[in-house]
Amino acid sequence: MSEPVIRPVRPSDVASIEEIAVAAWEPVFAGFGEAMGEEMLRATRGDWREEKARQVRTACQERPGQAFVAEDPETGRVAGFVTFHVTERPTKLGEIGNNAVHPDFQGRGIATRLYGRVLERLRELGCTHAKVSTGGDEAHAPARRAYEKAGFSVMIPHVTYWMEL
Amino acid sequence: MDEIVIRDFEPGDTDAVVEITVLAWEPIFESSRKRLGDEIFLAEHPDWRASKGGSVRATLTRDDPARCLVAEADGRIVAFATYNASDRGMGRLLNNAVHPEFQGKGIGSRMYALVFERLRGLGCRFVRVHTGLDDAHAPARRAYERQGFRMLSKSCEYFMEL
């Protein structure tokens, strides 16, 4: 199997990216559903699939210079994507946003290569630091390992609590 | 101690709320600075007092302000709790703090109870709150767990120098 090629996002990638994003977040929202009950998840979060698809669609369409995809050279399929953005406070800080690898392509180091490409771009843009937020649960263990492998060296843990009223 | 009165925020309370914010978040940002190291911390928070105080001020003074309760002791604001309600029945407890000199007196619990009552009145069936999992947030987590909050999800914020 040839290695996927990392390249900037194109308008024709958007449908694949939406599909990959929704598939990747299924286990995360399934976990929320287990904690809160499916009915309450729908009641309180609305249609998360539509919301997640909208986030990645907006990022790719409005900020195409801030998204990369991994393309399988044999089939032309999008294997994964990553979005990012830069804030100035006033030091330039880069932040990795939504990203995911299609289940068919997981476990091949594609995420690590996508992050590497973003970090290279952030350096070119003059960023001195980078940050990324991810889940702290078991489902995100591979993501955390990939971020640590990419060089994210320090971490601040957070928690969200909820209760019925 | 003087009697504590919990009441709705009024615009004249803004400076006192911002002052409590800065005092109460000092140990939180200090813990963050130790964990991140000076360089990353300063890139992320070049002036945390101005940015944290400013963000709380902005939530209270913008066109569509967050809801807020304050606790008053003898005419002095000693605590505040901001919150809001989504139209889907999920309430959020947002920035909240008790002045360090008034902590440990149950003022937070009384404010939370009234926040929950208000959220029920707004049609909320649930409430969420976000906090840190580091040592500096241990008092906040204990306070939330005493109210009956249960863990929904954990998250991580990673940083690196480029």
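Reader: What makes up chain A in terms of helices and strands?
Author: Chain A of this predicted model has 5 helices and 6 strands. Both come from DSSP runs: H or I over at least four residues for a helix, E over at least two for a strand, numbered from the N terminus. Along the sequence, the pattern reads β-α-α-α-β-β-β-α-β-α-β.

Reader: How do you know that the radius of gyration of chain A agrees with a compact globule?
Author: The rule is 2.2 Å times the number of residues to the power 0.38, and the radius is taken over C-alpha atoms. For 165 residues that comes out near 15 Å, and chain A has 16 Å, so the two agree. As for its extent, the C-alpha trace spans about 50 × 40 × 30 Å along the principal axes.

Reader: What share of the residues in chain A is called buried?
Author: That's 48% of the 165 residues. Buried means under 20% relative accessible area, exposed means over 50%, and partly exposed is in between (1.4 Å probe, protein chains only).

Reader: Now to chain B. Why is strand β2 of chain B called largely enclosed?
Author: Just count: 6 of the 7 residues in β2(B), residues 67–73, are buried, so the rest of the structure largely encloses this strand.

Reader: What makes β1 and β2 of chain B a pair?
Author: Two strands pair if DSSP finds at least two bridges between them. Strand β1(B), residues 4–8, shares 5 bridges with β2(B), in the antiparallel sense. One of the partnerships puts B:Val5 with B:Glu72.

Reader: How many bridges join β2(B) to β3(B)?
Author: There are 7, and again the strands run antiparallel; β3(B) covers residues 76–85. Here B:Cys68 stands opposite B:Thr82. The two strands form a hairpin with 2 residues between them.

Reader: Why is B:Asp74 called exposed?
Author: Its relative accessibility is 64%, so B:Asp74 counts as exposed. This residue sits in the loop between β2 and β3 of chain B and has a positive phi of about 55° although it is not a glycine. Most residues other than glycine have a negative phi, and most peptide bonds are trans.

Reader: Which peptide bond in chain A is cis?
Author: The one from A:Arg89 to A:Pro90, with omega near -15°. A:Pro90 lies in the loop between β3 (78–88) and β4 (92–101) of chain A.

Reader: What should I know about the numbering and the cut-offs for this model?
Author: Residues are numbered from 1 along each chain as its sequence is written, and chains are lettered from A and ligands numbered from 1 in the order in which they are written. Because the model is predicted, local features need pLDDT of at least 70 and side-chain atom pairs count only at pLDDT 80 or more, while totals for chains, interfaces and linings use all residues; side-chain values use heavy atoms, leaving out hydrogens and water.
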